[in-house]
Amino acid sequence: MSREAVVAVLGRGLCLPQAGAEAERFGDCSLDASLLPPLTRRRTSLATRMAVSAADRACRDAGGGRDMPAVFVSAIGEMQVTDRLCQAIAGGAFPLSPTLFHNSVHNTAAGYWSIAVDTRQPMQAMAALADGFALGLTEAACQVAAGAQQVLLVCYDEAMPDHLLPDYTWQPCALALVLGAPGDDRPRLAMPYRDTAADARAPAFAVHNPAVQGLALLEQIQDGPPGRHRVQLGPGNPAWFTELVLP
Amino acid sequence: MPPPPPHALPVTACAVASDCGVGSRSLLDALRDGRTRLRPPRLFEAGFPAFTGEVDAALLPPLPGHLARFDTRNARLALAALDDADDGLRAAVLRARERYGADRVGVILGTSTSGIYETENAYRSLAETGRLPPRYDFVHQHAWVATARYLQAELGLQGPCYAVSTACSSSSKSLISAQRLIQAGVCDAVLAGGVDSLCRMTLHGFKSLDLVSETPCTPLDRHRSGISLGEGAGLLLLERPQPEHAGCVHLLGAGESSDAHHMTAPHPEGRGAALAMQRALRQAGLAAADIDYVNLHATGTTKNDASEMAAMQAVFGAGTPCSGTKGLTGHTLGAAGGIEAVIAWLSLREGLLPGTCGLRETDPAFDATVLRDTRSGVAPRRIMSNNFGFGGNNTTLLFGWAQ
């Protein structure tokens, strides 16, 4: 694969609802899902509300348009909702809540987003555990290559129910990018690729949460000097990388 | 860089498992005889009248020992389909790996359940003992990408591997992602489609929405009363076109849209569904008149079928033959797009137009050419297949011969 730029980064948004001072360098990272109607907001998970917060922020950063295809990627998605349903099933507490059931699908955030912003553009919802940020970026870049003018990428995960994955302690995080065809005056990214990680700097506060994997890229876009940078997008060896060009 | 290939991509192999059996031959037999395989659930007690398309447990092989941590009903469904000797999907994937290199072959798999069935069983232990059973492994069993990673490990592949989970359009979306990965030059071949297994959560979930039929489902019927759930795997291998693929069935184009209307109810006029169909036609460079048959999503709920038929009317008028096949397979949710893609592939190769199993009297509100019985001895050239999911997530695939 060529390492030439395939997308430009037109907007960025972040939601780190439990982060402390370490998040200040990224600007406003608060939870703000005011785009969702109040009833929906009350009934949806932190995961969905974080995704909407970051997506809305990225769209505003890119100029305000929201009528674009979107790729939502999350390792565990609505696992907190699924946990409640599985507990109800184990306890024989039928009938299940219809709201919990339809809010347990992996494309819950994507569905509510499309309704809230009233877009008929395609919504993708995908998962790849810790490879999620790299592969979500791949999916979004392929959509740009296929002709989409702008694509919204939203990578998000809230904490796991403790009893399911006690080793996966991660802070809730949602990260969104608006991507478009590459132009000279914007940060540009190559198609993600796998390579040995020997010479690579580990991403900032690296854990399994795929959204957190994207913070290294966000940091470099924000603070890096002009020129070409190799940025790691996930853990492991070989790991996923991209080439970032800053104007 | 070589010029990008056209949108059309050859389907170089496919495989299927459903309540009709393992292998495309069993599905073909079912399409021809038109007899429902839906029965009351055996996997678990439903607690209310229901019919499901359950795969016979004797057909589901255990996973090889070194991959046993991935062992779920979902993974077993995938393995059963993969190893059907007549369909030869495993051999075709290994040929692609040899030809292009392991890192050039992706696995993009649709699912809406993944290993929820195993998690439900594990939660029973959790409730009784306060602990999950020792062999329960969330990452390798329930995580959305678990079955895709299992297939990747089983086949020794190293390309992009992810799960697509957009409810009932999941596996159609996976085929569309596969198409884009090949066109963008990221992959040379992609194993795509979907796998879903029966579980209490989906059966009781749809029941809570009052969408489960108490009899075997009767899509498009004037007295239709809801869905019957099914399970299965529908897997397809898409490749970068090569000269020897000229005679393969091709994925000619695809369309996607959102309703932007409601999480569970479709848009009443089928606005998003019509848009997905129109986008697929546009991408393939075809007109509605070029389509010989439409395999409808046709779940059997009052609203879904009415919405889809309104969209059909808007895009096709009344003359294009159409039908729904979920009376045979049940609604296999995240596997539906994959299994119905295999039905399109079979229809093109075998020269048939599937009927609508369970249909007695077409809803008189539908001004359409709904096929009740399977037509044989025909030669369709282009077939459309629709799948729509929660969140107003719509997909349309177009299959046909390349020339």
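The following exercises, each with a worked solution, concern a predicted model of two protein chains, A and B.

Residues are numbered from 1 along each chain as its sequence is written, and chains are lettered from A in the order in which they are written. Because the model is predicted, local features need pLDDT of at least 70 and side-chain atom pairs count only at pLDDT 80 or more, while totals for chains, interfaces and linings use all residues.

**Exercise 1. The fold of chain A**

Determine how many helices and strands chain A has, and assess how compact chain A is for its length.

Solution.
- Step 1: Chain A contains 8 helices and 9 strands. Helices (H or I, at least four residues) and strands (E, at least two) are DSSP runs, numbered from the N terminus.
- Step 2: The radius of gyration of chain A is 18 Å, close to the 18 Å of the globule rule for 247 residues, so chain A is as compact as a globular protein of that length. The radius is taken over C-alpha atoms, and the rule is 2.2 Å times the number of residues to the power 0.38.
- Step 3: The C-alpha trace of chain A spans about 60 × 40 × 35 Å along its principal axes.
- Step 4: Of the 247 residues of chain A, 57% count as buried. A residue is buried if 20 or more other C-beta atoms lie within 10 Å of its own, exposed if 12 or fewer, and partly exposed in between, with C-beta atoms placed from the backbone.
- Step 5: Among contacts in chain A with a separation of 6 or more, 74% come from residues 24 or more positions apart. Contact requires that the C-beta atoms of two residues, placed from the backbone, lie within 7 Å.

**Exercise 2. A loop residue of chain A**

Locate A:Q171 and state which residues it touches.

Solution.
- Step 1: A:Q171 lies in the loop between strand 4 (150-157) and strand 5 (173-180) of chain A.
- Step 2: A:Q171 is partly exposed, because 19 other C-beta atoms lie within 10 Å.
- Step 3: Leaving aside residues up to four places away in sequence, A:Q171 touches A:L16, A:Q18 and A:A19.
- Step 4: A:L16 is 155 residues from A:Q171 in sequence, yet their C-alpha atoms are 7.8 Å apart in space.

**Exercise 3. The contact between the chains**

Describe the side of chain B that touches chain A and identify the strands that pair across the contact.

Solution.
- Step 1: Chain B gives 51 residues to the contact and chain A gives 48 residues.
- Step 2: The elements of chain B that each supply at least two residues include helix 4 (116-129), helix 7 (170-183), strand 5 (161-164) and strand 9 (249-258).
- Step 3: The residues on this side of chain B divide into 25 nonpolar, 19 polar and 7 charged. Here Ala, Val, Leu, Ile, Met, Phe, Trp, Tyr, Cys and Pro count as nonpolar, Asp, Glu, Lys and Arg as charged, and the others, Gly among them, as polar.
- Step 4: Strand 3 (residues 123-127) of chain A pairs with strand 5 of chain B in the antiparallel sense over 2 bridges; pairing requires that DSSP find at least two bridges between two strands.
- Step 5: A:A127 has B:A163 as its bridge partner in strand 5 of chain B.
- Step 6: B:G392, in the loop between strand 15 (382-389) and strand 16 (393-401) of chain B, touches residues of both chains, among them A:G111, A:S114, B:S258 and B:H261. B:G392 is buried, since it has 28 other C-beta atoms within 10 Å.

**Exercise 4. Helix 10 of chain B**

Characterise helix 10 of chain B by its span and its surroundings.

Solution.
- Step 1: Helix 10 (residues 302-316) has 15 residues and reaches 21 Å from its first C-alpha to its last, close to the 21 Å expected at 1.5 Å a residue. The expected span is 1.5 Å times one less than the number of residues.
- Step 2: Its buried residues include B:N304, B:D305, B:M309 and B:F316.
- Step 3: Helix 9, strand 10 (293-295), strand 11 (321-323) and strand 15 of chain B are among the elements covering the buried residues of helix 10.
- Step 4: Just after helix 10, B:G317 takes a positive phi of about 75°.

**Exercise 5. Backbone features**

Which residues does a cis peptide bond join, with omega about -5°? Compare also the burial of A:D118 and B:S114.

Solution.
- Step 1: The cis bond with omega of about -5° joins A:F94 and A:P95; A:P95 is in the loop between helix 3 (79-90) and helix 4 (98-102) of chain A.
- Step 2: A:N237 and A:P238 are also joined by a cis peptide bond, with omega about 0°.
- Step 3: A:D118 is not a glycine, although its phi is positive, about 55°. A:D118 counts as exposed because it has 11 C-beta neighbours inside 10 Å.
- Step 4: B:S114 is likewise not a glycine and has a positive phi of about 45°. B:S114 counts as buried because it has 29 C-beta neighbours inside 10 Å.
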